[in-house]
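Please open the structure in your viewer and keep the selection panel at hand. We will walk from one selection to the next.

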Amino acid sequence: MSNTTGYVDVVLGLQWGDEGKGKIADFLTPKYDVVARFQGGPNAGHSLEMNGKKHVLNTIPSGIFHENCINLIGNGVVMDPVRLMEEIRRTEAAGANVKKNLYISRKANIILPTHKLLDAASEQKKGDQKIGSTLRGIGPTYRDKYGRSGLRAGDMFSDNFKQKYEACIERHKALMTHYDFTDFDLESLENEFFNAIDELKSYQFVDSEYFVNDLLKQGKKILAEGAQGSMLDIDFGSYPFVTSSNTISGGMTVGLGVAPKHIRSVKGIFKAYCTRVGSGPFPSELFDNNGEDLRQKGFEFGATTGRPRRCGWLDLVALKYAVMLSGVDELIMMKSDVLSGFDKVCVGTGYKNHQGEEVDTIPFDFVDAGFTSRYTEHEGWSEDLTAIRSEDEFPETFKNYIHWLEQEVGVPIKVVSLGPDRAQTVVRG
Ligand code: GDP
Ligand code: IMO
Ligand code: MG
């Protein structure tokens, strides 16, 4: 860490997304001056619950409901003006001061209407092999970013924005023809796009790399909030069934323009079991009643798309991999309350492939190997955990489960979440 007084803590998902990042970022916000998103876009759905109300955020950081917190959408994020304006209106109606507290990087790439169409076209073309994308235009927008032909938020203020836009659209139309994807009404999509841009321009846009480094110089404390999960990382996830950004802690440095020396700690979030939305390998997936129980009790339906999530037991091979990749200093365990009432709680500690060969790491051919998990069984707990506010009240078997996990992963579990509400959170001593 540097000798400036400010620092960055990174909080990120260690599984396939939806670990509960929104809830925890909101819970931790009082300890920070700034909450910043560094990657992803409106493919994310981060749920927060407080005072009996639920809020879902997609692009806005999860500190927005705290009065004096700066919320920054960093350069690494891809931003859809239409969806962002809808989200801003929703969030303002719920009482947040978005005009004052939200800052958007001029370097954040813009999701155009045709990026969303291209997402749908590409998935349609892939057929059985489709990724299960959220269809928010994420892949096509990052493709243009890295192909050096994207538009960025700052371009919205330039006199020749319309010309730059038209050049992109012409390219996209040609691609759509290639995909044989012609059934769309671009004109109405463009109307809502340009209307949203007109409104969005009245919010605060900044050169975020200077903005965030100035805040660090002033001694401010920053919470960098990840989106998606480590197993959806573009480099290290189950490629090609991944998202298009780096979801691990390294993504923070490029997604905000903050040097690694400013990182104080990395907080990794995981569910006490596993879920996945969309296609791709999931060795500990359950297809029996236990899977259905997890889905119903954990209300495992997508916050963004409403899709039922695939459910399974905790996968320690994947969890250890994610901890290694991000240098996780402390763990935050979510949704243990959902496991109450299972006689046995299983944890995947290794994989078996089609030939019965066993591994306990994630190899290159993870996608094709057809892995299923090898499990250890733990005695379950029947007590309802949702009203517990201190670790002394944890049932013995639950304590044992926590200790065993800490030993296996080699990282302490500092926070245990026992329900969706902000208040249902236990910080361990
Ligand atoms: P995120 O994308 O990582 O922010 O997670 P999501 O919001 O997509 O999904 C997490 C879901 O679990 C949301 O519906 C939360 O309200 C809910 N949730 C978060 N923590 C807990 C918990 O400890 N127990 C229970 N039962 N639900 C939780
Ligand atoms: P949060 O931040 C869970 C999944 C999609 C699909 C793949 C690629 O709420 O945890 P994309 O739209 O990025 O092209 O989809 O990644 N996915 C998520 N799954 N939580 C998310 O975000 C996700 N964002 C993308 O289901 O399989
Ligand atoms: Mg989510």
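Start by selecting Gly-45 together with ligand 1: a backbone N or O atom of Gly-45 sits 2.8 Å from an oxygen atom of the ligand. That is a polar contact, meaning a pair of N or O atoms within 3.5 Å; within protein, one must be able to donate a hydrogen and the other to accept it, and residues adjacent in sequence count only if both atoms are side-chain atoms. Add Lys-21, where a polar backbone atom lies 2.7 Å from an oxygen atom of ligand 1. Then pick Lys-335, whose side chain places an N or O atom 2.9 Å from an oxygen atom of ligand 1. On its own, ligand 1 exposes 590 Å², and the protein buries 94% of that (Shrake-Rupley areas with a 1.4 Å probe).

A word on what is on screen: this is a predicted model, in which local features need pLDDT of at least 70 and side-chain atom pairs count only at pLDDT 80 or more, while totals for chains, interfaces and linings use all residues. Residues are numbered from 1 along each chain as its sequence is written, chains are lettered from A and ligands numbered from 1 in the order in which they are written, and side-chain values use heavy atoms, leaving out hydrogens and water.

Now select the whole shell around ligand 1, taking residues with a heavy atom within 4 Å. You should find 21 residues, with Gly-20, Lys-21, Ser-47, Asp-337 and Ser-417 among the closest. Colour them by class: five are nonpolar, seven polar and nine charged (Ala, Val, Leu, Ile, Met, Phe, Trp, Tyr, Cys and Pro count as nonpolar, Asp, Glu, Lys and Arg as charged, and the others, Gly among them, as polar). Helix H1 (21-28) and strand E3 (46-50) each supply at least two residues of this shell (DSSP runs numbered from the N terminus, at least four residues for helices, H or I, and at least two for strands, E).

Which space does ligand 1 take? The ligand occupies the second largest pocket (more than half of its atoms lie within 2 Å of the grid points). A pocket here is an open set of points on a 1 Å grid over the protein atoms alone, where a 1.4 Å probe fits, with protein on both sides within 12 Å along at least five of seven lines; lining residues have an atom within 4 Å of a point. Select its 26 lining residues, including Ser-47, Lys-54 and Arg-309 nearest the centre. E3 gives the largest share, four residues.

Finally, move to the largest pocket and select Ile-131, Ser-133 and Val-242, which are among the residues nearest its centre. Helix H5 gives the most to this lining, with six residues.
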